Amino acid sequence: TVATSATTQVDSFSTATYRSAKYIISISDATNSRFEIVEANLVHGPSADSTTEAYLTVFGSTTSYSAPLCTFTADIDDGNVRLLATNITSDSTVFKFQRIVIDL
């Protein structure tokens with residue numbers, strides 16, 4: 001449960017163990033009766049300048065609201081790939097997900 005419109009970590013995994021992850025994410029803002037489900041693919045690897053970066057694509061959004069309930073981003077912090085969310089409201093929003101990870 002996230003009760004802020006600040007960017008918050010939803011999940012993370014080790015760069016030393018996994019190369020990529022696929023998410024199915026259910027988002028519920030019960031205060032405003034808004035609901036959404038999305039899929040996301042996340043992978044990490046070297047960029048053009050040889051630094052290790054995280055790459056994210058979010059797709060397949062189905063929502064009961066007129067816009068997405070949050071924005072997803074990804075980064076790497078201290079050897080962990082992080083899935084981050086920024087909510088459109090500071091009301092309590094519940095994130096439930098299924099994650100499939102692929103080993104290095």
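## Charge

The chain carries 6 positive and 11 negative side chains. The centres of these two sets lie 6 Å apart. These values come from a predicted model.

## Fold and dimensions

The chain has 0 helices and 7 strands. Read from the N terminus, the order of elements is β-β-β-β-β-β-β.

The radius of gyration is 14 Å. A compact globule of 104 residues would have a value near 13 Å, so the chain agrees with that expectation. Along the principal axes, the C-alpha atoms fill a box of roughly 45 × 25 × 20 Å.

## Surface and contacts

Of the 104 residues, 31% are buried. The accessible surface comes to about 5,800 Å². Carbon and sulfur atoms account for 49% of that surface.

Contacts also reach across the sequence. Among contacts with a separation of 6 or more, 58% join residues 24 or more positions apart.

## The nonpolar core

The largest nonpolar core holds 18 residues. Which of them touch the most other members? They are Tyr23, Ile25, Ile27, Leu42, Phe72, Leu83 and Phe95. Five strands give two or more residues each to this core: E1 (8-14), E2 (18-29), E3 (34-46), E5 (70-77) and E6 (80-87). E2 supplies the largest share, with 4 residues.

## A look at Leu83

Leu83 is one of the core residues that touch the most other members. Setting aside neighbours within four places in sequence, Leu83 is in contact with Thr8, Gln9, Val10 and Asp11. Its other contacts on this count are Tyr23, Ile25, Leu42, Leu56, Phe72 and Thr73.

Conventions: Residues numbered from 1 in each chain as written. Predicted model: local features only at pLDDT ≥ 70, side-chain atom pairs only at ≥ 80, totals over all residues. Heavy atoms only, no water. Rg over C-alpha atoms; globule rule 2.2 N^0.38 Å. Buried < 20%, exposed > 50% of the residue type's maximum accessible area, 1.4 Å probe, protein only. Contact = heavy atoms within 4.5 Å. Areas by Shrake-Rupley, 256 points an atom, 1.4 Å probe, with all protein chains shown as cover. Lys, Arg positive; Asp, Glu negative; His and termini not counted. Charge placed at Lys NZ, Arg CZ, Asp CG, Glu CD. Core = buried A, V, L, I, M, F, W, Y, C linked by side-chain atoms within 4.5 Å.
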